[in-house]
Amino acid sequence: FSSYNLYLGLGDYYMITIDGISAGSTSISSTSSRAIVDTGTSVLLGPRKTINSLLTALNIKSDCSNLDTLEDINIKIGSKNFNIPASIYVLKTTLLGRDFCEPLVQGALTSEYILGDTFIRAWYTVFDHGAKQV
């Protein structure tokens, strides 16, 4: 069990520091950034340039033809890597007998990340406001 200190100076967000993000073994960013762990956000959201690079490296096919071979997304927090498998970060839907896949990862005009349900579904998360840890 690991816990990570929160930064509550920007409101009552459960904000931590992430130290990198990768697609499998391909490093996308090793820059430390703040990240909010948020149950109210459905996706993994981050800086547009970094997320675009991540999605390019993952190369998710819209017809789901490579779903079973997609790399995990790895988020480094402290000295640990937290992997998110494609079964969690890709939404697969079927319409009229055809499969469609789309990432539950989005870029935005921000320098920070929101680790929403895409992260929380992969990792048991405890929000400890009293101890200021997540």
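The legends below accompany several close-up views of a predicted model.

**View 1. The largest nonpolar core and the residues with the most partners in it.** The largest nonpolar core has 31 residues, and those touching the most other members are Leu54, Ile73, Ile75, Tyr89, Val90, Leu115 and Phe119. In soluble globular proteins, nonpolar side chains tend to be buried together. Leu115 serves as an example of how such a residue is surrounded: once neighbours within four places in sequence are set aside, Leu115 is in contact with Ile16, Ile18, Ala35, Ile36, Val37, Asp38, Leu44, Ile75 and Ile120. Ile75, itself named among the core members that touch the most others, is thus also one of the contacts of Leu115.

**View 2. Glycine 116 and its surroundings.** Gly116 is found in the loop between β11 (113-115) and α3, and with a relative accessible area of 0% this glycine is buried. Although Gly116 and Thr39 are 77 residues apart along the chain, their C-alpha atoms are separated by 5.7 Å. When neighbours within four places in sequence are left aside, the residues in contact with Gly116 are Asp38, Thr41 and Val43; Asp38 also appears among the contacts of Leu115.

**View 3. An aromatic cluster of Phe82, Phe119 and Trp123.** These three residues form one aromatic cluster, and the count of aromatic pairs comes to two. Phe82 and Trp123 form an edge-to-face pair, with 4.9 Å from centre to centre and 80° between the planes. The pair links distant parts of the chain, since Phe82 belongs to strand β7 (residues 80-84) while Trp123 lies in the segment after α3 (117-120), 41 residues apart. Is each partner buried or partly exposed? Phe82 is buried because its relative accessible area is 12%, whereas Trp123, at 27% relative accessibility, counts as partly exposed. Phe119, the remaining member of the cluster, is also among the residues that touch the most other members of the largest nonpolar core.

**View 4. Helix α1 and its two faces.** Thr50, Ile51, Leu54 and Leu58 are the buried residues shown in α1. Seen down the axis of the helix, the buried residues of α1 fall within an arc of 95°, so they line one face of the helix. The face turned away from that buried side carries the exposed residues Lys49 and Thr56. Leu54, buried in α1, is also one of the residues that touch the most other members of the largest nonpolar core.

**View 5. The loop between α1 and β6.** Asn59, which follows α1 and has a positive phi near 55°, lies in the loop between α1 (48-58) and β6 (73-77). Most residues other than glycine have a negative phi. Cys64, in the loop between α1 and β6, also has a positive phi, near 70°, and is a residue other than glycine. Their accessibilities can be set side by side: Asn59 is partly exposed, with a relative accessible area of 39%, while Cys64 is buried, with a relative accessible area of 10%. Asn66 has its place in the loop between α1 and β6 as well, and at 14% relative accessibility this asparagine counts as buried. Which residues does Asn66 touch, not counting those up to four places away in sequence? They are Leu58, Asn59, Ile60 and Lys61, and Leu58 is one of the buried residues of α1.

Definitions and conventions:
Residues numbered from 1 in each chain as written. Heavy atoms only, no water. Core = buried A, V, L, I, M, F, W, Y, C linked by side-chain atoms within 4.5 Å. Buried < 20%, exposed > 50% of the residue type's maximum accessible area, 1.4 Å probe, protein only. Contact = heavy atoms within 4.5 Å. Phe/Tyr/Trp six-rings, centres within 6.5 Å; stacked < 30°, edge-to-face > 60°. Helix = DSSP H or I, 4+ residues; strand = E, 2+ residues; numbered from the N terminus. Arc of directions from axis to C-beta.
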